[in-house]
Amino acid sequence: MSISYFILGCWLLNEVSAYQDRSCKPTSADILGPYYYPNVPRRRQICERDRAFHQQRHLLVEGRVMDETCRPLSGARIEVWQADADGHYLFKDMCRGHFYTQIRGNYAFLTLRPGKYSTDPTGRLFRPAHIHFRVVAPDHDILVTQMYFDGDSSLGVNDSCSTCSSDHPDLVVSTHEMCADESGKYCIDIAHFDLVLRRGSGVDVVKDVDDSLPELLDMAKEGK
Ligand SMILES: *[C@@H]1O[C@H](CO)[C@@H](O)[C@H](O)[C@H]1NC(C)=O
Ligand SMILES: [Fe+2]
């Protein structure tokens, strides 16, 4: 056996044992909501046609897709959709896209922080700002979930969607800012959001309770 095979063997053994005792908890599911639309373009930058895209600070969302043993899942298809900066959902290709995870399960996309909207008939409560995710990988169940932002006053008991999962800490991210220089003029916000899929036969893991009527009425009102 040549030395390079020996080194490769040691490396593989190391990689395998590094994964062996690890376990990652499957990401909490959330409702799909009425704004899901399946055939969205492949791209890593969404909302760029929103007026606010060139005025507001951009948000870079990055993370990894993993299985329950924390192994990265490459080639997983991720669909994302969100409200625009004013809290409205738009069909066509606004604020929507899909892409695939890379070799180490990594993904990243550029967007805007979504606006808040209400699904409360009295308009008192709002949905916290959120981005919807649907993640599909072979031999795993399909994860439908939403990502929320730390410090949002509409999380949990204040969410106008009482059946949504904004009270699940694994769905709430904190953002940090990164600036190109000291001027503070060229900064983006970065959010890290890992997604863990459950092994399975490809069924949708979605917390699907029909809480969508107010959202549909909002959509009809906006004429979208
Ligand atoms: C819910 O809203 C109330 C009133 O605005 C606020 O005091 C409270 O901290 C909020 N709760 C959460 C979990 O954000
Ligand atoms: Fe939504």
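# Exercises on a predicted protein model

From the N terminus on, the elements of the protein follow the order α-β-β-β-β-β-β-β-β-β-β-β-α. The model is a predicted one. In it, the protein has two helices and 11 strands, and 45% of its 224 residues count as buried.

## Exercise 1. The iron site

Identify the protein donors of the iron ion (ligand 2) and state the kind of arrangement that they form.

**Solution.**

Step 1. The donor atoms come from Tyr89 (OH), Tyr117 (OH), His130 (NE2) and His132 (NE2), at 2.0 to 2.3 Å from the iron ion (ligand 2).

Step 2. Along the chain, the donors are spaced as Y-x27-Y-x12-H-x1-H.

Step 3. Tyr89 belongs to the loop between E2 and E3, whereas His132 belongs to strand E5 (residues 130–136), so this pair ties together parts that are 43 residues apart in sequence. Tyr89 and His132 are both buried.

Step 4. Consider next the angles. Four tetrahedral donors would ideally subtend 109.5 degrees at a metal. The four donor atoms around the iron ion (ligand 2) subtend angles of 89 to 165°, and the arrangement is therefore irregular. For a tetrahedral assignment, all angles would have to lie between 85 and 135 degrees.

## Exercise 2. Two strand pairs

Determine how E2 and E3 run relative to each other, and likewise E1 and E4, and state how many residues of E3 and of E4 are buried.

**Solution.**

Step 1. Strand E2 (residues 77–82) and E3 run antiparallel and are joined by five bridges. Val80 has Gly97 in E3 as its bridge partner.

Step 2. Strand E3 (residues 96–100) is mostly covered, with four of its five residues buried.

Step 3. Strand E1 (residues 58–66) and E4 also run antiparallel, joined by seven bridges. Here Arg64 has Asn106 in E4 as its bridge partner.

Step 4. Strand E4 (residues 106–112) is largely enclosed by the rest of the structure, because five of its seven residues are buried.

## Exercise 3. Residues in loops

For Gln56, Cys47, Cys70 and Asp141, decide whether each is buried or partly exposed.

**Solution.**

Step 1. Gln56 is placed in the loop between helix H1 (3–20) and E1. Its relative accessible area is 35%, so Gln56 is partly exposed. In sequence, Gln56 and Leu112 are 56 residues apart, yet their C-alpha atoms are 7.3 Å apart in space.

Step 2. Cys47 also lies in the loop between H1 and E1. Its relative accessibility is 1%, and Cys47 therefore counts as buried. The phi of Cys47 is positive, near 70°, in a residue other than glycine.

Step 3. Cys70 is found in the loop between E1 and E2. With 3% relative accessibility, Cys70 counts as buried. Although not a glycine, Cys70 has a positive phi of about 70°.

Step 4. Asp141 occupies the loop between E5 and strand E6 (142–149). Its relative accessibility is 6%, so Asp141 counts as buried. A polar atom of the Asp141 side chain lies 3.0 Å from the backbone nitrogen of Ser201.

## Exercise 4. The surroundings of ligand 1

Name the residues around ligand 1 and state what share of its area the protein buries.

**Solution.**

Step 1. Ser153, Leu155 and Asn158 are the residues around ligand 1.

Step 2. An oxygen atom of ligand 1 lies 2.3 Å from a polar side-chain atom of Asn158.

Step 3. Ligand 1 taken alone exposes 360 Å², of which the protein buries 30%.

Technical notes: Residues numbered from 1 in each chain as written. Chains lettered and ligands numbered in written order. Predicted model: local features only at pLDDT ≥ 70, side-chain atom pairs only at ≥ 80, totals over all residues. Heavy atoms only, no water. Buried < 20%, exposed > 50% of the residue type's maximum accessible area, 1.4 Å probe, protein only. Pairing = 2+ DSSP bridges. Donors = N, O, S within 2.8 Å, 3.2 Å for Na, K, Ca; no water. Tetrahedral: all angles 85-135°; square planar, octahedral: opposite > 155°, others 65-115°. Near = heavy atom within 4 Å. Polar contact = N/O pair within 3.5 Å; in protein donor to acceptor, adjacent residues only side chain to side chain. Areas by Shrake-Rupley, 256 points an atom, 1.4 Å probe, with all protein chains shown as cover.
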